[in-house]
Every structure is written in structure tokens, then in C-alpha cells.
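Here are some short exercises to work through with the structure open beside you. Try each task before you read its solution.

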Amino acid sequence: MIEIKNVTKHFGKLRVLNNLSLQMMKGECIALIGPNGCGKTTLIKSILGMVLPENGAIIFDGYTIKNDNEYRKHIGYMPQIGRYPENMTIGQVIDMIKGIRHEHTALDLDLFEQFELSKMLDKKMRTLSGGTTQKVSATLAFLFKPKVLILDEPTAGLDPIASEVLKRKIIEARDRGCLILITSHLLSELEDIVSQVIFMQEGNVVLHKDVNDLKIATGQETIARSIVHLLKMETV
């Protein structure tokens, strides 16, 4: 579904993506992890068309995304920190996004209902807590039933109940064949969700492996312990 072919990106003299190649298929829920500054955000922004690599290609559903904006309508994106017009209400923001997308298919209002956003439609964005802003971002990401979901620290700021609601929604999307890419520093929260792990370091893909294969190879019971085990082996 998404293929990254020999993608390189520099910011000044700093090489952020180093001839990166990846293949991500529908029905997979992939944890994109690595230390700060490893290139995760640049990779995500490249897939979204917000950053233009100087070399390589990004293929979406068999077609290069270069000079094409239409593919983005198939992506639901939840940023780590949602930034919306401060004077707009929740209802106005949702209506604005609906207007921009011009979608004619039925909307997925499941998170809208479970987060009870109908009770807060008149609240202005500047008054919202971080957790409520996250609920708005999650609702918008799933609203148009995308083929691909890119979720950046999706549970950050959410209370335990809202976090569980979102995790169930992610699993549901995965099971219906959606490709999901998740970044998170809380690997324990990904245990029941992700099917593959991509570990990046200094602009390179160090590891891209099925979760079960990773655990078997390292003899560990969790994703976090498996990654730590591999990193320790590299430093020996």
C-alpha cells in the first residue's frame, strides 16, 4: 500500500533520512519507534507530502505521490499536538474539515459519539484541555473512513477510559484492512494493537519485523523488552 524507495532528506548539512526503503501493507498496524531525532517525524511528514525528499520515491497504492495531492484524502492523520483556530468552536472545526474534504460517503461518527463531543460543540478550541483536543483530533482522523491512519502519540493526554476507546477503534480499523502507522514512546500501550515494529536510528531503519517474530527471536515477552534486548546486544 505504501512503499518508500531510497528516500533521502537533509536539513542543511544534517541527513535526517538516509536512503530509506520500507514497505507497509494494508491490514498492518505498525509501531514506528526510535529515539528523538531519529527521523520518525520527517518520515511521517514525507508520507503526508509536508516534506519533500530530495531523492527517492514514495508510492501510495501503486502511484508516486509526487505532484499529487489526491492520495491524501485516503489518509487520516492525528498529530501529537493538534493546532486549530483558537476562536473556532469544536462544531465549527468539524464542519470546516467536512467542507474541505467534500466527502459524499457516510461519516464514521463512532468516536464523536463515544467521546460525547455533541455536548461540547459550542466550546472554543482555545478553552479545551489537551485531552479534549486529542479527542477532536482522533475523531477527525477516523471521520472519513481512510485507507491509512497515521497516529502520532495518539493516547498522549487522554484519560484511561478515552485511551481504551481509541485503542479499540484502532484495532477495529486494523481488522477491516486499514494500514495504521503509530508513533509512541509508551510501548506498553501498543502490545495488543501492533502487528509489526519499525525501529529507526539516525535516519536509518534498524529493524522492521513482525511482532511475534521479534519476540521469538529475542526470547522476550513484550515489545519494549525485545527492543531493549536488541539494543543491548548491539552495544556488547
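Before we start, one cut-off: a residue is called buried when its relative accessible area is under 20%, exposed when it is over 50%, and partly exposed in between. Please keep in mind that this is a predicted model.

**Exercise 1. A covered strand and its neighbours**

Task: Work out how many residues of strand β9 (residues 196–201) are buried, and find which partner in β9 belongs to Ile 33.

Solution:
- Step 1. Apply the cut-off to β9: five of its six residues are buried, and the strand is mostly covered.
- Step 2. Look at strand β3 (residues 29–33), which runs parallel to β9 and is joined to it by four bridges. Ile 33 has Phe 199 of β9 as its bridge partner.
- Step 3. Turn to strand β10 (residues 204–210), which is antiparallel to β9 and joined to it by six bridges. Here Phe 199 stands opposite Leu 207.
- Step 4. Inspect the hairpin of β9 and β10: there are two residues between the strands, and Glu 202 takes a positive phi near 50 degrees.

**Exercise 2. The open sheet**

Task: Give the strand order of the open sheet of four strands, then name its edge strands.

Solution:
- Step 1. Reading across the sheet gives β2-β1-β4-β5, and the pairing is antiparallel.
- Step 2. The strands that pair on one side only are β2 (14–24) and β5 (63–64), so these are the edge strands by the pairing rule of at least two bridges.
- Step 3. Between β1 (residues 2–11) and β4 (residues 55–60) there are five bridges in the antiparallel sense. In one of the pairs, Ile 2 has Phe 60 of β4 as its partner.
- Step 4. Add helix α1 (residues 40–47), which lies across β1, β2 and β4 and runs at about 60 degrees to β2.
- Step 5. Finish with Leu 14, found in strand β2. Leu 14 has a relative accessible area of 57%, so this residue is exposed. Its C-alpha is 10.0 Å from that of Gly 203, although the two are 189 residues apart in sequence.

**Exercise 3. Positive phi outside glycine**

Task: For Asn 6 and Glu 116, state phi and decide whether each residue is buried, partly exposed or exposed.

Solution:
- Step 1. Asn 6 sits in strand β1, and its phi is positive, near 50 degrees.
- Step 2. The relative accessible area of Asn 6 is 41%, so Asn 6 is partly exposed.
- Step 3. Glu 116 belongs to the loop between α3 (110–114) and α4 (130–142), and its phi is positive, near 55 degrees.
- Step 4. Glu 116 has a relative accessible area of 41%, so Glu 116 is partly exposed.

**Exercise 4. Two packed helices**

Task: Describe how α4 and helix α5 (residues 160–175) pack, and sort the residues of their contact by character.

Solution:
- Step 1. Two packed helices are described by the angle between their axes and the distance between the axes.
- Step 2. For α4 and α5 the angle is about 15 degrees and the axes are 12 Å apart.
- Step 3. Angles under 35 degrees count as roughly parallel, and α4 and α5 are therefore roughly parallel to each other.
- Step 4. The crossing of α4 past α5 is left-handed. From α4 the contact uses Lys 135, Ala 138 and Phe 142, and from α5 Ala 162, Leu 166, Lys 169, Ile 170 and Ala 173.
- Step 5. Sorted by character, the contact has six nonpolar residues, no polar and two charged.

Definitions and conventions
Residues are numbered from 1 along each chain as its sequence is written. This is a predicted model: local features need pLDDT of at least 70, side-chain atom pairs count only at pLDDT 80 or more; totals for chains, interfaces and linings use all residues. Side-chain values use heavy atoms; hydrogens and water are left out. Contact means heavy atoms within 4.5 Å. Axes are lines fitted to C-alpha atoms, for helices over the stretch in contact, and angles run from 0 to 180 degrees between N-to-C directions. Buried means under 20% relative accessible area, exposed over 50%, partly exposed in between (1.4 Å probe, protein chains only). Angles under 35 degrees count as roughly parallel, over 145 as roughly antiparallel, 65 to 115 as roughly perpendicular and the rest as oblique. A crossing is left-handed if the near helix is turned anticlockwise from the far one by less than a right angle, and right-handed if clockwise. Ala, Val, Leu, Ile, Met, Phe, Trp, Tyr, Cys and Pro count as nonpolar, Asp, Glu, Lys and Arg as charged, and the others, Gly among them, as polar.
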